[in-house]
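Good morning, everyone, and thank you for making room for me today. Please have a look at the model on the screen before I start talking about it.

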Amino acid sequence: MSTFLPPRPEPVSAAGTSSLRPKLADRLVEAIRNEIARGALAPGAQLPTESRLCETYGVSRTVVREAITRLAADGLVTPRQGAGIFVNERAAGSVGAMVAEIGDKVSVVLNVLEVRMAVEIESAALAAQRRSASQEAQILEAFNAFETLLRNGEPTGAADFAFHRAIAESTNNPFYVEILDVLGRRTIPRDLVTSISSQLLQSQEYQEKLQAEHMAIMSAISDGDADTARDAMRKHLSASRRRYHGLLRSGSDLQTIFARSV
């Protein structure tokens, strides 16, 4: 039986329950996928018992059952009534297919980021020069919405897009907005590439870095400093490109992907 590393403690709400319970399930799903990919859980192997997973990870049976349900839906494991949970014969191949899919999606993401860098770096500078008071307030509103969602452990993608779109609107050139609208969901692509590495791209630490980068952009725009706004947006998008390049490179090494997630 393989050994799983226990997760780091999750934030607990005032009511005494974790505000990030779905992320606990994500972490458990990814840990088990890692074991399957490395061969530590071979085809036909039995997973640790539900009680053992609860004890090791410090999570509830509800979290464990959610994780097992998702693994079963992905075709990686099969629950056998009264016997336990067993790895399917073709589970490793299924994980490999997921990684291949991530590689395809990350390639698209990198292409989108290339376009965004060509557009948004200058849009940040123009926003610093041209924004109205109401447009500046829209940028702040989107920033605060991201902050609230992050604090509550909820998806931040929509607020992230709203932040960048508000900056584009602040150029008072409708074509900047039109380009982002054409890109649509691909503008903020992390939801598209987290089927395996959700804890890497949706983690608290990752998104706090994004928010710090957003703060630098917003502050420069608010100060009317076009050069600093341009530089802050360049640093933000360049950092995103580096993160996705890292994910693409690690696609051939499943252990790297998962080890960074648990």
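How much accessible surface does the protein chain have, and what share of that surface belongs to carbon and sulfur atoms? The accessible surface comes to about 12400 Å², and 52% of it belongs to carbon and sulfur atoms. I should say at once that this is a predicted model, so please keep that in mind throughout.

Let me begin with the overall layout. The protein chain has eleven helices and two strands, and if we read from the N terminus, three helices come before the two strands, with the other helices following them. Of the 262 residues, 47% count as buried, and among the contacts with a separation of 6 or more, 72% are made by residues that lie 24 or more positions apart.

Now to helix H2, which covers residues 50-57 and has Leu53, Cys54, Thr56 and Tyr57 as its buried residues. After H2 comes Gly58, whose phi is positive, near 65°.

Which side chain does Arg61 meet in a salt bridge? Its partner is Glu50, at 2.5 Å from N to O, and because Arg61 lies in helix H3 while Glu50 lies in helix H2, this pair ties together parts that are eleven residues apart in sequence. Arg61 is partly exposed, with a relative accessible area of 39%, and Glu50, at 25%, also counts as partly exposed. These two residues belong, together with Arg65, to a network of salt bridges.

The structure holds twelve salt bridges, and I will pick out two others. Asp181 and Arg165 meet at 2.8 Å, N to O, and this pair links distant parts of the chain, with Asp181 in helix H7 and Arg165 in helix H6, 16 residues apart. Lys209 and Glu205, by contrast, have their closest N and O atoms 4.0 Å apart, and they are separated by about one helical turn, because they are four residues apart in helix H9. Glu205 is exposed, at 52% relative accessible area, whereas Lys209, at 45%, counts as partly exposed.

Finally, the aromatic rings. There is one aromatic pair in the structure: the rings of Phe143 and Phe163 have their centres 6.5 Å apart and their planes at 55°, so the pair is tilted. Since Phe143 lies in helix H5 and Phe163 in helix H6, the pair ties together parts that are 20 residues apart in sequence, and both Phe143 and Phe163 are buried. Elsewhere, the charged end of Arg80 sits over the ring of Phe86, 4.1 Å from its centre.

Methods. Residues are numbered from 1 along each chain as its sequence is written. This is a predicted model: local features need pLDDT of at least 70, side-chain atom pairs count only at pLDDT 80 or more; totals for chains, interfaces and linings use all residues. Side-chain values use heavy atoms; hydrogens and water are left out. Buried means under 20% relative accessible area, exposed over 50%, partly exposed in between (1.4 Å probe, protein chains only). Contact means heavy atoms within 4.5 Å. Accessible areas come from the Shrake-Rupley method with a 1.4 Å probe; for residues, only the protein chains shown count as cover. Rings of Phe, Tyr and Trp (its six-membered ring) pair if their centres lie within 6.5 Å; planes under 30 degrees apart count as stacked, over 60 as edge-to-face and the rest as tilted. A charge sits over a ring if NZ of Lys or CZ of Arg is within 6 Å of the ring centre and within 35 degrees of the ring normal.
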